[in-house]
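Please describe the fold, the nonpolar cores, the surface and the aromatic pairs of the structure below, with the cut-offs behind each term.

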Amino acid sequence: MRMVKNHRCAALGIAGALVLSAAPRAALADAGGLSFWLPGAFASLTAAPAMPGWAYETIYIHLDQSANAGKNFVIGNRVPGSVVAGLNAHADVLVEGFTYTWAQSVLGGQAAVTFLTAPGNVGVGVDATLTGPRGNTVSGVATDNRNTVSDVFYQGTLKWNQGVNNEMVYIFGNIPSGTYDSSRLANLSFGFTAIDVGGAYTYLNPETGQEFSVLAGVTYNGMNKDLQYQNGIDFHVDWGLSKFVAKNVHVGVAGYYFQQLTGDSGAGAKLGDFKGRVAGIGPQVGFIFPVADGYQGYLNLRGYKDFAAENRPEGWTAWVTFQLSPAAPATTPTKPIVRKY
């Protein structure tokens, strides 16, 4: 059983990501209805070790979410702190990333760094009422569709392995790309900087084929100066459970829980101290295959359906991940070599 790194954020997911701002995803919480962390960016094999060297990854993400006209949120649309009612949003994004893993030990563990960015298409529609900070209101339907590019995202990880037990700590953040436009409803970049820190654990037993991973983190969001709006502190948990049904095939389920711990703030936070929450779950399957001498490929497909949403629209997300990375030497023990983002 030999595997490759299955990455961003986001991120971002990743981490996952991953296009963490691919579409507005919250009502009554977070500027633009979005959070920096994209739930579901991590799944199985999160903290398992990796082969040293360079790895390339591409991730296709599709998001489709909506909220009825009874839900309001703050978003930029020419007037800072505009309030809109209702939401329909979709995004198709292609994340491109490179990871380097050091062969040398760092604090007794394995260090790696990842950089990602994502071009894509975002479409957003709101049902009614755009309200400015002075109370002026414009009624009617507003839509926006845009081909653009996300911020640049970075992630640093440090992993340790003790047999079937694997641990990881990480730091994840963004470098603004300059493509944010407060006059547009559709953005792939944020208009502010943020940082996310956390840790993960993976249980991986090559003899039984059983695997379980969980990652937890906290996000601190900077001020969006265009909207005079600062998202609250967010907490998130991503998890995955899978079993190897063949030497190079694993199947299972994955899920997430996202909770805003503190309310939004700033002069543009016209709706007050609201907090968002959502959970999601769905199936996953992964395939490992040889690509070239010394390299292997990994293909992962998974999807999530939201539930238990509070102050957020509900929807679904699909992920297709392909990674090319160094393969484990043929003489290496059969413990899977995995990298996850």
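## Strands, cores and aromatic pairs

The secondary structure of the chain comes to zero helices and 19 strands, where helices (H or I, at least four residues) and strands (E, at least two) are DSSP runs numbered from the N terminus. This is a predicted model, in which local features need pLDDT of at least 70 and side-chain atom pairs count only at pLDDT 80 or more, while totals for chains, interfaces and linings use all residues. Residues are numbered from 1 along each chain as its sequence is written, and side-chain values use heavy atoms, with hydrogens and water left out.

Of the 341 residues in the chain, 56% are buried; buried means under 20% relative accessible area, exposed over 50%, and partly exposed in between, with a 1.4 Å probe and protein chains only. The accessible surface of the chain comes to about 12,400 Å², and 63% of this area belongs to carbon and sulfur atoms, the areas coming from the Shrake-Rupley method with a 1.4 Å probe, and for residues only the protein chains shown count as cover.

**Cores.** A nonpolar core is a set of buried Ala, Val, Leu, Ile, Met, Phe, Trp, Tyr and Cys residues joined through side-chain atoms within 4.5 Å. The largest one has 41 residues, of which I61, V95, V124, M168, L215 and W319 touch the most other members. Two or more residues each are given to this core by β2 (53-75), β3 (82-106), β5 (119-126), β10 (165-175), β11 (194-205) and β16 (249-260), and the largest share, six residues, comes from β3. Apart from it lies another core, of six residues, including A48, L204, F244 and Y298.

**Strand β8.** Strand β8 (residues 142-149) has alternating side chains: A142, D144, R146 and T148 point to one face and are buried, whereas T143, N145, N147 and V149 point to the other and are not. β8 pairs with β5 in the antiparallel sense over eight bridges, pairing requiring that DSSP finds at least two bridges between the strands. Within β8, D144 is the bridge partner of V124.

**Nonpolar patch.** On the surface, I171, I195, V197, V218, Y220, I233 and L261 make a nonpolar patch of about 540 Å². Patches are made of residues with over 30% relative accessible area and no salt bridge (a side-chain nitrogen of Lys or Arg within 4 Å of a carboxyl oxygen of Asp or Glu), like charges being joined within 9 Å and nonpolar side chains (Val, Leu, Ile, Met, Phe, Trp, Tyr) within 5 Å. At least two residues of the nonpolar patch come from each of β11 and β12 (210-221). V197, placed in strand β11, is partly exposed, with a relative accessible area of 42%.

**Positive phi.** Most residues other than glycine have a negative phi. Two leucines with a positive phi are set out here.

| Residue | Phi | Loop | Relative accessible area |
|---|---|---|---|
| L45 | near 65° | between β1 (10-16) and β2 | 0%, buried |
| L107 | near 55° | between β3 and β4 (109-117) | 73%, exposed |

**Aromatic pairs.** A search of the whole structure finds 15 aromatic pairs; rings of Phe, Tyr and Trp (its six-membered ring) pair if their centres lie within 6.5 Å, and planes under 30 degrees apart count as stacked, over 60 as edge-to-face and the rest as tilted. The rings of W37 and F42 are stacked, because their centres are 5.8 Å apart and their planes are at 5°, and both W37 and F42 are buried. F153 and F190 form an edge-to-face pair, with 6.3 Å centre to centre and 85° between the planes. This pair links distant parts of the chain, 37 residues apart, with F153 in strand β9 (residues 152-162) and F190 in the loop between β10 and β11. F153 is buried at 1% relative accessibility, and F190 is buried at 3%. Ring pairs link F36, W37, F42, F153, Y170, F172, F190 and F192 into a cluster.
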